[in-house]
Amino acid sequence: MKKLLPSLWVWFALLCLPALAQDRTVTGKITSSDDGSPLPGVSVQIKGTTRGANSNSDGTYRLGNVPENARLVFSFIGFASQEIETGNRSTINVTLQVDATSLSEVVVVGYGTQSKKTITGAVSSVNGETIANKPVQSFDQALQGRAAGVNIITPNGVLNNAPVIRVRGVSSINGSSSPLIVIDGLPINSNDNVSAGGFTVNNPLGDINPSDIESLEILKDASATAIYGSRAAAGVILITTKKGKEGRVQVTYDGWVGVTKPFKLFKILDAQQYMDYKNLAARNAGLPDQFFPTLNADGSVVNTDWYDVIYRTGTAHNHNLGVNGGTKDTKYAFSVGYTDQEGMLKQNSFNRMTGRMNISHQLNKAIRLGANIALANSKNQAPNTGTTGAFSTGGLGRLPLVLAPNLAPRNPDGSYNINRAGNNMGLGKNLVGAGGYYNPLPDLELSRFTSENNHVLGNIFADFTLFKGLTFRTSYGMDNTTVEDIDFRNSVHGEGGTAGGQAFNIFTNIKQWNWQNYLTYDLQVGKNNFSVVGGNEVQKYTINRWGGARQGLSDPFFTSYQGNFTSNQPPSGNFQSQNGLISYFARLDYNFDQKYLLTFNFRRDGYSAYAAGRKYGNFPGGSIGWRVSEEDFWKNSLGKVVNEFKIRASLGRVGNAGISDFGSLSLFNSGLYGTVPTFFFAQAGNPSLRWESSTSTDIGIAFGLFGDRITGELTYYKKDVTDLVLPEPQAPSRGIPNNFILTNIGSMANTGIELALTSSNITKGKFNWTTSFNISTLKNEVTALANNNADILAQTGGLESSNIVRVNESIGSIYVIRTDGVNPANGRRIFINANNDRVQYDHSAPAASRWTYVDKDGNAPAISGTDRVVVGAAIPKWFGGLDNTFKYGNLELGVFLQFSGGNVIYNGTKAGLRDQRPWNNDIGVLNHWKQAGDVTDVPRPVLNDNISNGSANPISENVEKGDFLRGRNIMLAYTIKNDLLRKANLASIRVYAQVQNAFIITNYTGSDPEISTNRNSNTAPGVDRNSVPQARTFTAGLSLNF
Amino acid sequence: MFLKAALLSVCLLPVVTSCSEEELLEPKPLTSLADVEAFSNPDRVLAQVNGLYSSVKNGQFLGGRYFIYVDVRGEEFLNVSNNGVTALQTWNHTNNSGSNEPTNLWNQAYLAINRINLFLEGLDANPTVVDAALASQYKGEARFLRALTYLSMVQLYAQPYTKDNGASLGLPLRLKGEVGTGNNDLVRSSVADVYKQVLEDLNFAEQNLAATNTSAALNTTRAHKNTAIALKTRAYLAMGRYADVVTEAAKIVSATAPYRAATGVAHQLQASVSTVFTNYTTTESILSMPMSSNDLPGTQNGLASYYMPIVGIGDYSLNPNGIIGNAAFTATDARRTSFVKNDFTGDAGRIRLTKFPTGPQHTDYVPVIRYAEVLLNLAEAKARLAAGVDADALALLNAVRGRSAPTAVYATMASKTALVDAILLERRIELLGEGFRSNDLLRQNLPLPAKANIQAVTVAASVYIWPIPQGELNVNKLAVPNP
């Protein structure tokens, strides 16, 4: 009955109105101030009534029975509302002004939103458009350079290799330094270890279609992240997917095609150069010539470009179809996506199908229901690229650099050029070979390594408006992934060669559910504005993985695990684990008159991995702000120029779980003694383990100049990480398994300054130029380590140690033996040992006298690992991005530059490229020392010398500066909007072409200064060792709006 | 309505949460057992006993590498593969305190020691899980394994007892279970103290072990009384306490041929030596480490991996100038005709030991104590004790020798010295590849002989024994390195 009353009143009013005034019908057309295009779905309402209409697809509207002197309200999302008095007009055309500030007015934060103007925590926002339609596999790859304080490194050029994301630096040593990812309020599992076995990389974030993303927010300081408590030490990335909008149904199609190629490959010796140079090295070693031409059938000398065997021009295409619409009550956004990308490496591909359904429905005045559900199937395929083992003898990053160019991949009869007994490359006419390296061709043609995900990601929610201002939300989400890893190694040659073929199939089932319940209360009392959030969250994660292993392929006909093999092996990859999280959280936002601002966050987390009595931890964070620009004194003085000026500061503490699911327990494992079962003590737990703790302070200003034509933020931050969980060494005679016990013992600090600017530089007629720029600095310093601050040496590929974690140094600093060029007198590499003596090495001398002093007589002790010193920080000290967009009418040019530097890179690949074993070398070696007096950086070549150029021990000769400026993305686009299209029911067509990784300016001599051979390692960053180089991708695309 | 529902759900929240709190926050691992449950029933206790055996059986220790190391330190083998991870530094005497081989073996052996100590303490703390008799037997097995571990280690990492009656630095004697942090510092006990502990453990074991286990397999793979006694003969021989060797051996060796153990498991030589390496559980095999296709020694740990080409890596071939070049090792000796071959394809005619022939899965049992060794221990002790040529010693020697080389038995011996030398030569022939050679040299205070291009190692050289690993020295501030 209650509900009927108002509508009855309306009816009554309507019936009466004609008698009171002269009514008429008003029509008109609504266009955008941006480009004059018609705006469909604009709400037109008679002020003071509930009567209104929406504009049609051509922007026209028609509203009957409009009283004289009524006021019409035109409103549309993204545009400033307008009120127009009708007077006695019957035609009213309106141009709505694009409201830039209203779009960015709201910032998504944990469990809610905040006004951008009044937010006091450190949050960076990235619009979904900036990452859409880029030739990447996962959205995080496209975030590079987009947000201040967020450094993202693509480890190499293998598709869907998880990028290394660091929000305000490295936040752990033993645990993860990757941020928590939250999609539409649901924290997800973003660990790239979903895949097991094989050589394929598999980033589960690649299961998210970047085109579905509306916006990203990166929470950086403790005030913003504290509400995520124990998972927030490495920052939080909040993803908001596209939601339905009220109004006419909009259908969009986006598609692109592209080609991808290696960006830079080393110039290496061809067959003749190789034989000449290597034979010289052999003669220098006192040996006869070792390398001789193999002839092709036509009598020509075999001259193989191994790059051609491994690399290709990969093609890719990508399609997205979206449907977006809704009524006042029901809003929906559906999308389907398909991408099929070939890598520049043969047999490397990424294929993904996605579907997303976001829907919400206002059931009645008080209840809103909704769901955001995404399904994805993604398939990664990659051969052994060396990504999972830098020194792998089958790694495709390495093989073209070491294999002799005077050998062919195939024999003249078409068979593979292999040495079956040694399972390595055939020798041809050479007397010696490169060693255990494989001929890559059989693996590329006969083996198969894939990792395929089926991923369900979504949540359903209900909002209950209990009374005005008070809302209760319950939301249940799941993030379930099943992964099938297939690792089939052919029986002919390579990884499975000695075993006569091997197959490992591993199946992983990862389930995570999450249930959130919280209340939001907004209250305004005079000029006091309160917003309170409080609730709880429970989450459970389980992983079950099992697999089989078989070897001895019965016939090459079989190409899968299911085929016939002669022996079944012990199971492969078995793993079961789980963890649970129970949390309580609260936030209070308060501001007085939007001028004096205060936020307080609190979270209490209980986590299963800790021992009883230590499960819970408390994580508080708070911030204050003052919008000076709201003060009268400011408005009357500086306010003309600086229209917005906010000072903010925050302090808080968040945590990081640095231990595995059962890391606090003492455990017995089981096995066999012959054939009988066993139990044995296998893990000494530490019941007193607790969270790693990250205490942040943050001071900043936010400003807007000239009516927000220039906006920016400047922030100083300091992040003190303490209680780092580190293995505390135990005397091996104690017999503690692995000889360590995890202990909260380490600490480090990250400090830096961030600056972000956006500017609308020129708007003149049809020409428009906007810029956004960000730069950040980062200084990491390790301050305490286990065992009386004992150094931690980190390894690359389990073999080479060129990084160190040392107190008072940046984490994972480059740690190598100093070199001092090549002695012009004799062509020997000069090393500097720990005593600062210059010693030189001659591989052609008898073993006892190879090491001699440069500056005094006599034999010197051999250089060894103990002669290493720290030569520089491996993580960039500054980085950022510069994005310029130029528009002229419908033509748009975007140039996005990314830069980074201040770090050094250990270029281990160069050590390999100059190794004097029978490996191939880069053409730089031709500049080798030839006679007394030659000044060069390449020593006199001596066959089998693996010391002079840094293979045996890392040397400073191969350490280089990592500074670079990269043309990350250059795009040219043209948008067509006209009546002709409108008649075809097309609102707009946009065509574009772009190049990803267009150019780079750097002095780095390796393939690319943006590299991380050790991928996500906290302790061994900045190493370039046999990695596949980065790719350059050209794409052309088309976007249609219906 | 909705208001009530919503309020109700808000109110229910803490209830829901507390219900699931235990489930969420206290999950139990599904593939590992919490320590508190390790003694919860007799089956788990038994599984732990087997876990102690599997700990010493690890490929880094008695599952393979220990025997490899002890053998390749001597002169019987030549390195083929020049591979830095397969005993190369042990073979060429270049180990230092940071080297992997001494480090890995130390770590694994002490891991076994700690598991043994924890097990002994756990049995005492859980006295009702198995009955007292069985508990005693298990303790006997645990202490037997502790003795075996310390005895094996002290011969590698410390000067021989016979050098100075055990006055040299021995090992840190860890006799208590270790779980938490701390307690890192412990001095190295003297060699004498280590032997004292070994004997104490073995005496306890002899008292408490079963006379026999229930099957031939268990008699070979689990300790019983005679196992402890047999190991005592080895320990006393290493100490040069020959009278004690005789006393102990007498318990399991009859006075006259055919030699056999009168009580407990009826140990005796098999008619053919090759039987012992095909049928792994005869009464000659007093203790062996069992292998199965699901319990392998691990990559580059198996004996066959080291000695066999083709089915293994064949890192080591027999040194033509070693025992196989000695006239005492006759051409028709079954141990040569069965175990020494040089006709492998693509192997350049290298001479190979084929006692452990199985691969690529190296499932050969690893012999730890064989009855033949006990007979030779006894023979040597008797020979050394007697004033002249000991007839019993000669008979014992001939029992071992005559089995494989019936035409080459020694009718007489010219002197006591000749007899001892013949017994020592016989040990090299009989126990070739079973992990005796360098330990035998050390207990005689003899240098490690030269081989190929490797020079001999004098008894005064620092590499005469293995170094104490740096990992121990770094953390155990009371441990001192070997000089």
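**Exercise 1.** Decide whether the crossing of helix 6 of chain B and helix 8 of chain B is left-handed or right-handed.

*Solution.* The crossing is left-handed. That term applies if the near helix is turned anticlockwise from the far one by less than a right angle; clockwise gives right-handed.

The model is predicted: local features need pLDDT of at least 70, side-chain atom pairs count only at pLDDT 80 or more, and totals for chains, interfaces and linings use all residues. Residues are numbered from 1 along each chain as its sequence is written, while chains are lettered from A and ligands numbered from 1 in the order in which they are written.

**Exercise 2.** Describe how helix 6 and helix 8 of chain B pack.

*Solution.* Step one: locate them. Helix 6 of chain B covers residues 132–157 and helix 8 of chain B covers residues 191–208. Helices (H or I, at least four residues) and strands (E, at least two) are DSSP runs, numbered from the N terminus.

Step two: take the geometry. The angle is about 150°, and the axes are 8 Å apart. Helix 6 of chain B is therefore roughly antiparallel to helix 8 of chain B, a term for angles over 145 degrees. Axes are lines fitted to C-alpha atoms, for helices over the stretch in contact; angles run from 0 to 180 degrees between N-to-C directions.

Step three: find the residues. Phe144(B) and Leu151(B) are among those of helix 6 of chain B that meet helix 8 of chain B, where the partners include Val198(B) and Phe204(B). Contact puts C-beta atoms, placed from the backbone, within 7 Å.

Step four: sort them. This contact has eleven nonpolar, five polar and four charged residues. Ala, Val, Leu, Ile, Met, Phe, Trp, Tyr, Cys and Pro count as nonpolar, Asp, Glu, Lys and Arg as charged, and the others, Gly among them, as polar.

**Exercise 3.** Work out which strands form the open sheet 34(A)-33(A)-1(B), and which stand at its edges.

*Solution.* Three strands take that order, with antiparallel pairing. Strand 34 (676–683) of chain A and strand 1 (33–34) of chain B are the edges, because each has a single partner strand. Strand 33 (residues 667–673) of chain A pairs with strand 1 of chain B over two bridges; pairing needs at least two DSSP bridges. Leu667(A) stands opposite Ala34(B). Helix 2 (residues 42–56) of chain B lies across strand 33 and strand 34 of chain A.

Technical notes: Two residues are in contact if their C-beta atoms, placed from the backbone, lie within 7 Å. Angles under 35 degrees count as roughly parallel, over 145 as roughly antiparallel, 65 to 115 as roughly perpendicular and the rest as oblique.
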